[in-house]
Amino acid sequence: MSIEKLRATALSIADLREMAREHLPRGIFEYVARGSDEDRSLGGNARAFDEIDLVPRVVRDVSEPNTSCKLFGEPCAAPIAVSPTGFASLLWLDGEVGSARAAARAGIPFALSTGSITPMEQIRAEVDGQLWLQLYVWPQREMTRELIARARRARYEALIITVDTPVAPFRPYNLKNGFSIPFKISSRNFWDIVTHPRWLYGVVFRRYLKSGPMVAENYPEQLRVPVSAAKPGKFNLPFCDNVSWDDIREFRRLWDGPLILKGILHPEDAARAVEAGCDGIIVSNHGGRNLDSAIAPIRMLPEIAERVGHKTTVLLDSGISRGSDIVKALALGAHAVMVGKATLFGVGAGGEAGAQRALEILVDELVRVMTNSGVKDLGSISAGLLRLSHEFARTMLELNPEAAQTMASTNAVSARL
Ligand SMILES: Cc1cc2nc3c(=O)[nH]c(=O)nc-3n(C[C@H](O)[C@H](O)[C@H](O)COP(=O)(O)O)c2cc1C
């Protein structure tokens, strides 16, 4: 699909989501769009942003708005990075290369998941932009060490270690609709697949003809088996339920670029990440995909930012679907946001052009919200722009009276307390 066509038809991330829903088999769409268990955190992420209002300032010069910033010393056109998401190439042929290229075109970093189908070296060769690599700590630590060395050889700029998945998440909808990794055609998903011939031909057949079966190419060699042929437990490396701060300190020693810990929700863990030598943290509940009922990260952000924001780069993801969400996150202390589903909906709707359109929508909205709010650069976005709903403010007051007081001094919460 061309970018011109997408510009005419997809005017919001919600439009791209709808287009992806039409293109993809239900099992795959739900794998992307839903959360875990009862989708409580998924809904909670969106609700938390809804509980924050903007209070615009007027009669200000907002000509020539500027969204540029620096992340880990590198210039970015906007305070956005693409979150790591496994298996994007199941949504569109070469989905991972496409979204990495779209990020490069938008002038923002792209984080590649270890669970991606495209080898990290190929992405590096085909993409002229900032690339970060995400990994999970594996029980076999030597495999993790080797992956870190491989990322260094492939010239990835930053390393993200995801620490919020000690056990496999429970996604009952995927058990019901027959989507699983390893991927097998079964009576549960047969009809779903054959009624999506555009996806079947455009993604599965074309991929097979081009490069053979899909394999998680970044996994250690002994585990690199086709997505469809693996035996349960073989393809998915076991989750690691005993990651320690010593592990993080060791990875710090092995990796000399920016090290980012992903999946932080508690201020104490944020402080420990800084002590362990991390250059950044991602305040995240994994997009509501892991621990159901995990608090929306935006609710913890003020407290975490107050604790470590002056010492480390604070990124936030989970629930960003509009430019206004980005302004809210920056106003509450994030240096930048990351987006997972928003870009994936773009990939599912139109491959590289779809990812490009998703990022374009977010940046256009960011600029529009900034100028309509009376700010023309990121440094002018502050908590003074916000009013928090009673519910949001009350949670904050209960969790951390100190952060609430700081916010109150900027007027963001006082009106509702
Ligand atoms: C389909 C899908 C796959 C994901 N795979 C990974 C992964 O391999 N590693 C990881 O750290 N996070 C993964 N995530 C979580 C994202 O990195 C990110 O935290 C989340 O999507 C942010 O929330 P949002 O989708 O509301 O933007 C995945 C998310 C989705 C939607």
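A salt bridge here is a side-chain nitrogen of Lys or Arg within 4 Å of a carboxyl oxygen of Asp or Glu. R34 and D39 make one of these, with their closest N and O atoms 2.9 Å apart. Before going further, a word on the ground rules: this is a predicted model, where local features need pLDDT of at least 70 and side-chain atom pairs count only at pLDDT 80 or more, while totals for chains, interfaces and linings use all residues. Residues are numbered from 1 along each chain as its sequence is written, and side-chain values use heavy atoms, with hydrogens and water left out.

Back to that pair. R34 is partly exposed at 25% relative accessible area, whereas D39 is buried at 16%. (Buried means under 20% relative accessible area, exposed over 50%, and partly exposed in between, with a 1.4 Å probe and protein chains only.) The two don't act as an isolated couple: R26, E30, R34 and D39 are linked in a network of salt bridges. The structure as a whole holds 23 salt bridges.

Two other bridges are worth a look, and helix α6 takes part in both. R101 meets E126 with 3.1 Å from N to O. R101 sits in helix α5 (residues 95-106) and E126 in helix α6 (residues 120-126), so this pair ties together parts that are 25 residues apart in sequence. (Helices, H or I with at least four residues, and strands, E with at least two, are DSSP runs numbered from the N terminus.) Both partners are partly exposed, R101 at 31% and E126 at 35%.

Now move along to E121, which forms a salt bridge with R150, the closest N and O atoms being 2.7 Å apart. Here R150 belongs to helix α7 (residues 141-153) and E121 to helix α6, and the link spans 29 residues. Is R150 buried or exposed? R150 counts as buried, at 12% relative accessibility, while E121 is partly exposed at 34%.

Next, the ligand. How many residues surround the ligand? There are 22, and the closest are P84, S113, T162, D317 and G319; a residue is near a molecule if one of its heavy atoms lies within 4 Å of it. By type, this shell divides into 6 nonpolar, 12 polar and 4 charged residues. For that count, Ala, Val, Leu, Ile, Met, Phe, Trp, Tyr, Cys and Pro are nonpolar, Asp, Glu, Lys and Arg are charged, and the others, Gly among them, are polar.

Several backbone atoms come up close to ligand oxygens. A backbone N or O atom of P84 lies 2.6 Å from an oxygen atom of the ligand. For G319, a polar backbone atom is 2.8 Å from a ligand oxygen, and for S318 the corresponding distance is 3.4 Å. Taken alone the ligand exposes 600 Å², and the protein buries 96% of that (areas by the Shrake-Rupley method with a 1.4 Å probe). The elements that give two or more residues to the shell are α3 (26-33), β6 (131-136) and α15 (341-373).

What about the cysteines? The structure holds 0 disulfides, a disulfide being a pair of cysteine sulfur atoms within 2.5 Å. C69 is in no disulfide, and its nearest cysteine sulfur, that of C76, is 4.8 Å away. C69 is buried, with a relative accessible area of 16%. Why is C278 without a bond to C240? The sulfur of C240 is the closest cysteine sulfur to that of C278, but at 16 Å it is too far for a bond. C278 counts as buried too, at 6% relative accessibility.

The backbone has a couple of oddities. Most residues other than glycine have a negative phi. D37, though not a glycine, has a positive phi of about 45 degrees. You'll find D37 in the loop between α3 and α4 (40-50), and it is partly exposed at 32%. D94 is also not a glycine, and has a positive phi of about 55 degrees. D94 lies in the loop between β4 (80-82) and α5 and is partly exposed at 26%.

Last stop, helix α17 (residues 401-409), where A404 is found. A404 is buried, at 2% relative accessible area. Compare its place with that of G73: the two are 331 residues apart in sequence and 31 Å apart in space, C-alpha to C-alpha.

Note on methods:
Polar contact = N/O pair within 3.5 Å; in protein donor to acceptor, adjacent residues only side chain to side chain.
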